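Visitor: I should like to learn how to read the features of a structure that is new to me. May we go through it together?

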Amino acid sequence: MHTCNAPRLDARLAAAFAYVRPGHVAADIGCDHGKLSAALAGSGRCPLVLACDLRPGPLEKARVTCAPCGDKVQCRLGSGLEVLAPGEADDIIIAGMGAETIIEILEAAPWVFDARYNLVLVPATKHSVLRRWLARRGFALAGETLCQAAGRWYAVMNARYTGTCREPDGLECLCGLTNGQPGCEDYYAQQNAKLKKYRLGLPAGQEAEAVDVLIKQMEELSCR
């Protein structure tokens with residue numbers, strides 16, 4: 001049942017939308033223009049969306065975007081998950097920022113290390129860094145969608161806490177669950193280019209040798 005007109009989403013936000021569980025309260029951290037928040041509330045997917053941003057300007061835009069949804073969207077100004085009380089939202093979307101910032105936000109809120117929470121993460125940079133952190137800190141990827149928006153590749157990640165911490169290998173960090181998805185060869189080529197740039201700064205030794213092996217593996221994947 002629609003509650004208001006839902007805005008059109010790009011491929012990145014549409015993928016994030018799809019990972020939010022119907023019927024759950026969602027928090028859109030770094031909501032920016034508020035399109036995803038409005039879509040979640042306006043489509044009836046979520047009974048309540050907490051649209052949150054650190055900056056007053058973007059949050060004001062979100063208020064305008066979400067105004068037709070009435071009290072189904074609450075706008076909150078603040079940093080990361082500090083604007084939420086534990087358990088206030090079960091589905092948490094963090095998009096529009098780099099992997100390291102996403103990690104900082106999650107580390108600052110220990111209560112998210114709980115299986116009840118459904119995390120939808122959209123890193124703008126350093127996808128491999130976020131995948132490694134998730135595995136090391138006891139999260140598992142329940143799904144991942146590769147997509148392009150504004151000429152850039154995004155990996156939209158759906159993570160759940162399991163409590164099982166492990167060390168992922170390099171190939172898993174670079175590729176995640178994207179193997180076989182449309183455009184994955186181009187994505188792997190891009191990831192490999194970044195890996196080669198990183199390799200240039202390494203002195204001779206075991207790490208450099210391990211990176212060389214990983215580069216070959218990535219080249220094989222991007223050529224399939």
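Guide: We shall discuss aromatic pairs, burial, a charge over a ring, and strands. This is a predicted model, in which local features need pLDDT of at least 70, side-chain atom pairs count only at pLDDT 80 or more, and totals for chains, interfaces and linings use all residues. Residues are numbered from 1 along each chain as its sequence is written, and side-chain values use heavy atoms, with hydrogens and water left out.

Visitor: How many aromatic pairs are there?

Guide: Rings of Phe, Tyr and Trp (its six-membered ring) pair if their centres lie within 6.5 Å; planes under 30 degrees apart are stacked, over 60 edge-to-face, and the rest tilted. The count here is 8 aromatic pairs. One of them joins W111 and Y117, edge-to-face, at 5.2 Å between centres and 65 degrees between planes. The pair of Y187 and Y188 is tilted, because the planes stand at 50 degrees, with centres 6.1 Å apart.

Visitor: Is Y117 buried or exposed?

Guide: Buried means under 20% relative accessible area (1.4 Å probe, protein chains only). Y117 is buried, at 4%. Y187 and Y188 are both buried as well.

Visitor: Over which ring does the charged end of R12 sit?

Guide: The test requires NZ of Lys or CZ of Arg within 6 Å of the ring centre and within 35 degrees of the ring normal. The charged end of R12 sits over the ring of Y154, 5.4 Å from its centre.

Visitor: In what sense do β2 and β3 pair?

Guide: Strands (DSSP runs of E, at least two residues, numbered from the N terminus) pair if DSSP finds at least two bridges between them. Strand β2 (residues 49-53) pairs with strand β3 (residues 73-77) in the parallel sense, over 5 bridges. Q74 in β3 is the bridge partner of L50.

Definitions and conventions:
Buried means under 20% relative accessible area, exposed over 50%, partly exposed in between (1.4 Å probe, protein chains only). Helices (H or I, at least four residues) and strands (E, at least two) are DSSP runs, numbered from the N terminus.
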